[in-house]
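Reader: Could you walk me through this one and show me how the descriptions are reached?

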Amino acid sequence: MKFYQFPFPGSGFLAVCTAWFFLHPARLAAQTLIPLETGHMAMVLEVEQNKDLDIIYFGKKLKNAVEYGLIPRQYKQPEDYTRSLNAAYTPAGSRSLAEPAITVTHADGNNSLDLKYVSHHVEKISGDVSLLTVLLKDPVYDFEVSLYYKSYYRDDVVEQWTTIRHHEKGSVTLHKFASANLYLKAESFWLNQYHGDWAKEMRPEESRLTHGIKTLDTKLGTRANLFQPSVFMVSFDKPATEDEGSVMYGGLEWSGNFRIDLELDPLDNLRIMAGINNYASPYQLQPGEAFTTPAFWYTFSDQGKGDASRRLQRWARDYKILDGNGNRLTLLNNWESTYFDFNEARLAGILQDTKKLGVDLFLLDDGWFANKYPRNSDHAGLGDWQENRQKLPNGIAALVNEAQSAGVKFGIWVEPEMVNPKSELYEKHPDWVVKQPNREEYYFRNQLVLDLSNPKVQDFVFNIIDSLFIKNPGLAYIKWDCNAVIYNAYSAHLKNQSAFYIEYVRGLTKVLERVRGKYPSVPMMLCSGGGGRVDYAALQFFTEFWPSDNTDPLERIFIQWEYSYFYPAITSSNHVTDWGRQPLKFRTDVAMMGKLGFDIQVSKLNGPDLSFCQQAIKNYDSLKQIIWHGDQYRLSDPLNHAVASVIYVDETKSSAVMFNYLVNYRYDEKSRVPIRLKGLDAVKKYRITETNLYPGTNSTLEENGIYTGDFLMQIGFNPVVNANRTSVVLKIEEVR
Ligand code: DGJ
């Protein structure tokens with residue numbers, strides 16, 4: 001690997017590598033540039049003569065990095081009177097009057113901040129990953145901000161965050177403290193954002209951004225994504241399609257309140273400020289203390305939304321998700337088949353059914369705990385994590401043993417951050433509960449949130465998990481649920497209530513770090529009353545997440561489709577349940593598009609249904625590596641077509657699996673035209689066969705059809721989806 005040295009004023013000589021991470025200061029007249037480049041994208045910072053640090057470019061990488069310096073003079077936009085709209089990290093209270101990235105009150109009560117470039121350096125973390133750090137300082141106050149840009153060359157992803165410090169004579173109040181500040185130029189900007197609620201997660205809305213500020217945020221404290229997740233896309237010039245157009249994706253790595261401001265400024269450029277939500281959270285920063293913001297990740301592609309999502313998915317598997325390149329367990333869950341109504345005998349039967357079905361693990365859901373106030377409904381017991389003696393007289397240990405004898409693994413549900421007012425925990429430790437001392441309690445699903453800012457509560461939550469493992473070393477899986485938002489935010493532990501929302505998430509992170517320190521690899525599902533909590537901070541501790549309680553497969557096609565732009569299939573826990581009107585085959589096919597599980601009464605399945613499921617699990621075993629680790633291409637969009645279609649292709653382009661569903665049930669809707677496949681090798685030949693056929697049915701497709709990749713990608717293939725064949729799964733294998 002070659003290293004070059006470039007002269008750079010103020011920082012002496014800087015060594016950078018051009019092979020993987022091309023970041024070098026180039027000089028044009030009166031310009032000092034810091035181009036941050038990955039394989040295909042670039043963000044270029046410029047140090048102005050007055051030492052302001054600005055962003056002069058964000059988009060597709062240029063072939064000649066020196067030409068970035070020529071970009072600004074090609075724009076003849078209105079004058080920026082403040083020359084600060086494109087600041088790399090916009091301070092407030094000095095000359096900038098645009099939406100700030102940071103707002104402070106200094107120790108002496110002054111509200112102004114200015115930030116000037118001091119130095120930067122690049123650290124090479126691996127062949128693929130580099131870290132650029134830029135130091136900014138206020139010329140008047142002893143106050144500094146370090147900007148961090150961690151870039152992943154191959155996948156075109158950047159994680160950006162800041163560390164804020166000062167050495168003033170008292171604490172400084174941080175009123176706003178964004179992780180990242182970006183500046184985009186285009187003719188127009190199209191925001192694709194998401195909203196939802198329980199069972200309606202990830203509904204997309206795309207609109208042209210108009211002048212002023214559009215804010216995406218949450219103030220729910222925990223289960224924070226319930227109405228709005230932090231993930232979004234911005235298309236440049238026109239809405240990007242699956243395969244065309246320039247688009248950036250972004251999201252915050254923070255499982256709490258976030259705020260993303262998108263400001264179309266007077267010059268018609270887009271300013272983006274993303275970070276923790278400053279709502280009710282002015283932060284008292286002590287002299288010498290470092291306040292580090294969570295990372296905001298972003299990616300860019302000029303090849304449409306599909307390309308951006310495949311890069312992001314690969315990055316997530318390689319760098320973010322716990323065991324992102326590993327394996328997962330198929331399972332049978334008992335939530336919808338029993339709810340709270342079970343006992344040892346009933347579970348023993350379900351354990352036998354787990355084996356009969358052919359999945360790896362049985363997952364015992366809610367209802368197994370609490371004695372004084374038994375957990376027989378969601379009104380009581382949460383917080384009392386002792387086995388319910390009536391339902392489980394021999395404890396979880398007996399069930400784990402029983403599972404072992406049945407030849408399956410055993411997993412368990414917990415909701416450790418929560419408490420029912422009707423519980424011994426609430427009676428013993430009312431001060432551990434988030435609630436206002438003098439106000440009426442207000443419940444979400446009859447429960448309240450524990451105060452994770454309190455180290456004693458952190459210990460309690462850690463111990464719930466730890467003692468389960470200590471008592472039951474055979475435990476193989478945890479489903480970690482979180483069903484309430486935070487009302488009446490108040491911590492009896494904290495002196496400064498403004499720290500609460502941030503300290504809650506920090507406390508949660510500490511607990512998860514402890515759990516992972518001791519149990520590094522046990523698979524854990526991140527669940528939040530459906531899809532109320534998923535982000536790349538949490539997924540560092542979890543192997544998968546629960547996208548929605550809505551498992552109606554027709555709904556799931558849409559929900560999983562939207563999640564898939566941001567999260568790879570290996571993280572998506574999809575269960576076959578009795579929701580919806582679709583046949584068992586349709587439900588199973590949809591669940592197979594991620595991490596397959598079941599939540600049905602196996603004992604009630606008729607013969608053909610049972611053998612279909614058993615065979616589908618075997619089929620899944622032979623396809624799952626492609627689904628979990630392959631590249632996903634969206635072929636036909638359920639929002640605009642009668643047939644939805646998705647393909648997963650393995651790395652060598654020799655095997656693929658294609659899922660096709662009828663999503664419009666009006667008269668005679670069907671796959672009228674061939675669906676063009678993607679991601680194959682044009683010169684390879686492929687055999688297409690239908691799999692997951694329901695017992696007694698035959699495929700209507702030509703047997704052993706062989707086609708070139710060229711044909712399949714240019715002309716396409718008709719899976720023959722219609723009212724009689726509403727769900728069709730195709731195996732595509734290279735013929736040598
Ligand atoms: C909400 C989850 O989303 C469900 O899957 C189930 O675990 C229930 N909680 C249990 O209370």
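Author: Here come the ligand's surroundings, followed by two helix pairs. This is a predicted model, where local features need pLDDT of at least 70 and side-chain atom pairs count only at pLDDT 80 or more, while totals for chains, interfaces and linings use all residues. Residues are numbered from 1 along each chain as its sequence is written, and side-chain values use heavy atoms, leaving out hydrogens and water.

Reader: What makes the pairing of aspartate 365 with the ligand a polar contact?

Author: A polar contact is a pair of N or O atoms within 3.5 Å. An N or O atom in the side chain of aspartate 365 is 2.8 Å from an oxygen atom of the ligand, so the pair fits the definition. The side chain of lysine 479 also has an N or O atom 2.8 Å from a ligand oxygen, and for glycine 530 a backbone N or O atom lies 3.1 Å from one.

Reader: Why is helix 8 called roughly parallel to helix 9?

Author: Angles between N-to-C directions run from 0 to 180 degrees, with axes fitted to C-alpha atoms over the stretch in contact. Under 35 degrees counts as roughly parallel, over 145 as roughly antiparallel, 65 to 115 as roughly perpendicular, and the rest as oblique. The axes of helix 8 (residues 553–564) and helix 9 (residues 584–591) cross at roughly 15° and come within 9 Å, which makes these helices roughly parallel.

Reader: And what angle do helix 3 and helix 4 make?

Author: Roughly 30°, for helix 3 (residues 344–357) and helix 4 (residues 395–406). Helix 3 and helix 4 are therefore roughly parallel too.

Conventions:
A polar contact is a pair of N or O atoms within 3.5 Å; within protein, one must be able to donate a hydrogen and the other to accept it, and residues adjacent in sequence count only if both atoms are side-chain atoms. Helices (H or I, at least four residues) and strands (E, at least two) are DSSP runs, numbered from the N terminus.
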